[in-house]
Amino acid sequence: MLRESSNAKGEGYDLNLLTGAEGDGNIPHGALLVSFADAVLGSDDRQLAEIRTAIRSRMGDAALVDAAAIVATFNAIDRVADSTGIPIEDNKAEATADIRAALGINQFAQARGEIADPRERTDIVRA
């Protein structure tokens with residue numbers, strides 16, 4: 001979604017923000033939002049409270065609600081897909097190949113001895 005909306009607006013973004021790079025990734029409040037996602041999934045309640053306060057003061061209450069909903073939704077969708085073994089569709093695999101490479105996502109599957117790109121798997125039944 002970020003890629004398509006950025007392309008439509010003629011804006012760029014830097015995914016290196018998600019892997020620890022400095023800056024906002026050309027996304028308004030990007031570093032703060034990544035810190036929030038990390039804190040939500042982490043175990044430091046004090047840090048999470050501080051980041052919530054920062055989001056409210058810099059972006060407003062509605063932005064905190066939106067950010068929390070996005071983190072929760074992404075976390076839930078990812079867990080459902082992972083737990084059921086749903087592979088990414090071929091067209092989405094192709095469309096996200098550059099993002100998955102930039103973020104090193106394929107390395108997780110490779111570390112488990114799995115084929116990272118679902119288009120290369122032979123055990124998937126395709127419609």
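What follows is a walk through the helices, the nonpolar core and a few single residues of a predicted model.

Some ground rules come first. Residues are numbered from 1 along each chain as its sequence is written, and side-chain values use heavy atoms, with hydrogens and water left out. Because the model is predicted, local features need pLDDT of at least 70 and side-chain atom pairs count only at pLDDT 80 or more, while totals for chains, interfaces and linings use all residues.

The protein has seven helices and zero strands, so its pattern along the sequence reads α-α-α-α-α-α-α. Helices here are DSSP runs of H or I with at least four residues, strands are runs of E with at least two, and numbering starts from the N terminus. Of the 127 residues, 22% are buried; that label means under 20% relative accessible area, with exposed being over 50% and partly exposed in between (1.4 Å probe, protein chains only). Contact means heavy atoms within 4.5 Å. Among contacts with a separation of 6 or more, 39% link residues 24 or more positions apart.

The largest nonpolar core has 11 residues: L32, F36, A39, L48, I51, A54, I55, A63, L64, A67 and V71. At least two of them come from each of α2 (30-41), α3 (45-59) and α4 (61-84). A nonpolar core, by the way, is a set of buried Ala, Val, Leu, Ile, Met, Phe, Trp, Tyr and Cys residues joined through side-chain atoms within 4.5 Å. One member, I51, touches L32, S35, F36 and A39, leaving aside residues up to four places away in sequence.

How do these helices pack? Two packed helices are described by the angle between their axes and the distance between the axes. The axes are lines fitted to C-alpha atoms, for helices over the stretch in contact, and the angles run from 0 to 180 degrees between N-to-C directions. For α2 and α4, the axes come within 10 Å and cross at roughly 55°, which makes α2 oblique to α4. Angles under 35 degrees count as roughly parallel, over 145 as roughly antiparallel, 65 to 115 as roughly perpendicular, and the rest as oblique. The α2 and α4 crossing is right-handed, meaning that the near helix is turned clockwise from the far one by less than a right angle (anticlockwise would be left-handed). Here L33, F36, A37, V40 and L41 of α2 meet L64, A67, A68, V71 and N75 of α4.

Helix α3 also packs on α4, at an angle of about 130° with the axes 7 Å apart, so α3 is oblique to α4 as well. R52, I55, R56 and M59 of α3 make this contact with D61, A63 and L64 of α4.

Further along sits R100, in helix α6 (residues 97-103). R100 is buried, at 8% relative accessible area. Its side chain makes a polar contact of 2.9 Å with that of N106. Such a contact is a pair of N or O atoms within 3.5 Å; within protein, one must be able to donate a hydrogen and the other to accept it, and residues adjacent in sequence count only if both atoms are side-chain atoms. Residues touching R100 include A93, I105 and R119. R119 itself lies in the segment after α7 (106-111) and is partly exposed, at 34%.

Lastly, the loop between α1 (2-9) and α2 holds N26, which is exposed at 62% and has a positive phi near 65°.
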